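Good morning, and thank you for the opportunity to speak. I would ask you to look at the sequence and the structure together while I go through them.

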Amino acid sequence: MSEKPETDQTQLLLCAGLFFLTAFLFAPTALWLVEKTIYFEQLTHAFIILGFAGVYLMMENRRKLKLRLQFDNLPTGLLVSSFILLAIHLVWPSAMMVLIAFCLAIAGWILFLFGVRLARIVLALMAAFGGYVILALFQPFFDWPLRALAGDYSARILTWMGHTVQLALTNPLDPKLLMIVDGYPFEVAAECNGFGMISGCILLSILLVFYRRIRIFDKILAILLAGLVAVLFNIFRILVICLLAPSFRESYMIMHEVVGSIFFWGALAVVWWMDQGLHAVKSKVARTGKYVLFFDGECFMCNKSMRFLLNIDRKNRLWFAPLQGKTAQQVIERREELDFDLKSIILIENLDTEHEKVSLRSTAVLKAMEDIGGIWTLAGLFLFIPATLRDVVYNFVARHRIKWFGKTEMCSLIPPEQRQRLLD
């Protein structure tokens, strides 16, 4: 009975010694990363965003946050791998190898503290943190390319809007990129290159998509979309500042910071919403019935659209029915409040069940494509636009579709092998 305390004490001493060894070996890397983060404001913003998002995921799994202090196979393997990479670095010096080793060591100690139950969260955190240290390593190389990109596209859009715009590079020894808008000069400075916004959005997306159980293709797609959102928001941020500047000459810096903050947090909000909408575990009602899309069976364009949906719906998630058919008439008889006119596409989720839900017009089309999954899930992003605005375009096309495309025999364009998913 007296041996157990001694064993526990020995293990505690070994763990403490291993911790201080790890801290000693990686202290230069940690100090370098801290200096880079403090020196570059854009990296500071990205790190803060990463920290808040990481805390959010930890709180989402707070029931698993219990100290375990166990060196299982996974944390042991991560620590050993980090030491091996450091040893290799002594023979073949590589900054990237040291940074990877640093991430593996942090992951190993987190899993030692809280156990392998947090493996998925730690994977997400380390993927995002790994992206962060890579951005810190290559940050100087991104400055001028991003600055030139932001200035070029902003100048093109402002010119298209009717403004006189010139881009000029001054002082070769200390180069500055100037954008002169209607005679008013602006410097496209380092903080204007969007690095903080782009890095923050990409890291946030990496954290979220690696936390979710999704396909690698969807992970890559979401990360690329996050970068695109950040680039667009940064360009529009510059445009708004340039357009507002003449009205805020005396309080330009205040306006600059307010507009910058709005677009910065707006981009992050869109990325968060986009990734949550695409990949988060949604609280949807389980499928208890068919998802049926009702369409005008005599409209050539509608038939072609249905055939397109049939072709991309490889998991056979959707069913289809003409508005002139028996199934539509049965729904009309029990749901008289529905407007089953031939200009309206209608999606009914969980048909003939207590969870039946109806969507009309553009909402029906977008939800149907979102339900198909894969890359078509992106159609759900347009649901963010109010239906009243979307339906303006939808109603215009619906009114003219027969005139433009003509009529056809009901479902004549649907191949025989796909007609099993057509209801009467």
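Which residues make a nonpolar surface patch of about 370 Å²? The patch is made by I134, F138, F141 and F142. Please bear in mind that this is a predicted model. One member of the patch, F138, lies in helix α5. F138 is partly exposed, with a relative accessible area of 32%.

Let me now step back to the whole chain. The chain has 12 helices and 7 strands. Of its 424 residues, 44% are buried. The chain exposes about 23,700 Å², and carbon and sulfur atoms supply 66% of that area. If we take the contacts with a separation of 6 or more, residues 24 or more positions apart account for 70% of them.

I return to helix α5, which covers residues 119–160. Which residue forms a salt bridge with R156? The partner is D152, and the closest N and O atoms of the pair are 3.1 Å apart. Here the general principle is that side chains of opposite charge can pair when their charged atoms come close. In the sequence, R156 and D152 are 4 residues apart in helix α5, which means that about one helical turn separates them. How accessible are the two residues, as relative accessible area? R156 is exposed, at 54%, and D152 is partly exposed, at 28%. By the rule applied to this model, the count comes to 1 salt bridge.

The next topic is a sheet on which this helix packs. It is an open sheet of 3 strands in the order β1-β2-β3, with antiparallel pairing. Its edge strands are β1, residues 165–170, and β3, residues 184–187, and each of these pairs on one side only. From one strand to the next, the twist averages 25 degrees. Helix α5 packs on this sheet and touches β1 and β2. The direction of α5 makes about 10 degrees with that of β2.

Let us look more closely at β2 and β3. Strand β2, residues 176–181, is joined to β3 by 4 bridges, and the two run antiparallel. In this pairing, M179 stands opposite F186 in β3, and L178 stands opposite E187 in β3. The hairpin of β2 and β3 has 2 residues between the strands, and D182 there takes a positive phi near 55 degrees.

Along β3, which side chains are buried, and which are not? The side chains alternate: Y184 and F186 point to one face and are buried, while P185 and E187 point to the other and are not. Thus F186, which stands opposite M179, belongs to the buried face, whereas E187, which stands opposite L178, points to the other.

I turn now to the second sheet. It is an open sheet of 4 strands in the order β5-β4-β6-β7, and its pairing is mixed. The edge strands are β5, residues 318–322, and β7, residues 357–360; each pairs on one side only. Neighbouring strands of this sheet are turned by 20 degrees against each other on average, direction ignored.

Within this sheet, strand β4, residues 291–295, and strand β6, residues 346–349, pair in the antiparallel sense over 3 bridges. F294 stands opposite I346 in β6. Helix α9, residues 300–312, packs on the sheet and touches β4 and β5. The direction of α9 makes about 160 degrees with that of β4. A further helix, α11, residues 361–372, lies across β4, β5, β6 and β7. Helix α11 runs at about 115 degrees to β7.

My last example is a single residue, A321, which lies in strand β5. Is A321 buried or exposed? A321 is buried, with a relative accessible area of 0%. Burial here means a value under 20%, so A321 meets that condition. What does A321 touch, if we do not count residues up to four places away in sequence? The residues it touches are V292, L293, F294, F295, T327 and L423. One of them, F294, is 27 residues from A321 along the chain, and the C-alpha atoms of the two are separated by 4.8 Å. F294 is also the residue that stands opposite I346 in β6.

Thank you for your attention.

Notes
Residues numbered from 1 in each chain as written. Predicted model: local features only at pLDDT ≥ 70, side-chain atom pairs only at ≥ 80, totals over all residues. Heavy atoms only, no water. Pairing = 2+ DSSP bridges. Axes fitted to C-alpha atoms, helices over the stretch in contact; angles between N-to-C directions. Contact = heavy atoms within 4.5 Å. Salt bridge = Lys/Arg side-chain N within 4 Å of Asp/Glu carboxyl O. Buried < 20%, exposed > 50% of the residue type's maximum accessible area, 1.4 Å probe, protein only. Patch = residues over 30% accessible without salt bridge, like charges linked within 9 Å, V, L, I, M, F, W, Y side chains within 5 Å. Areas by Shrake-Rupley, 256 points an atom, 1.4 Å probe, with all protein chains shown as cover.
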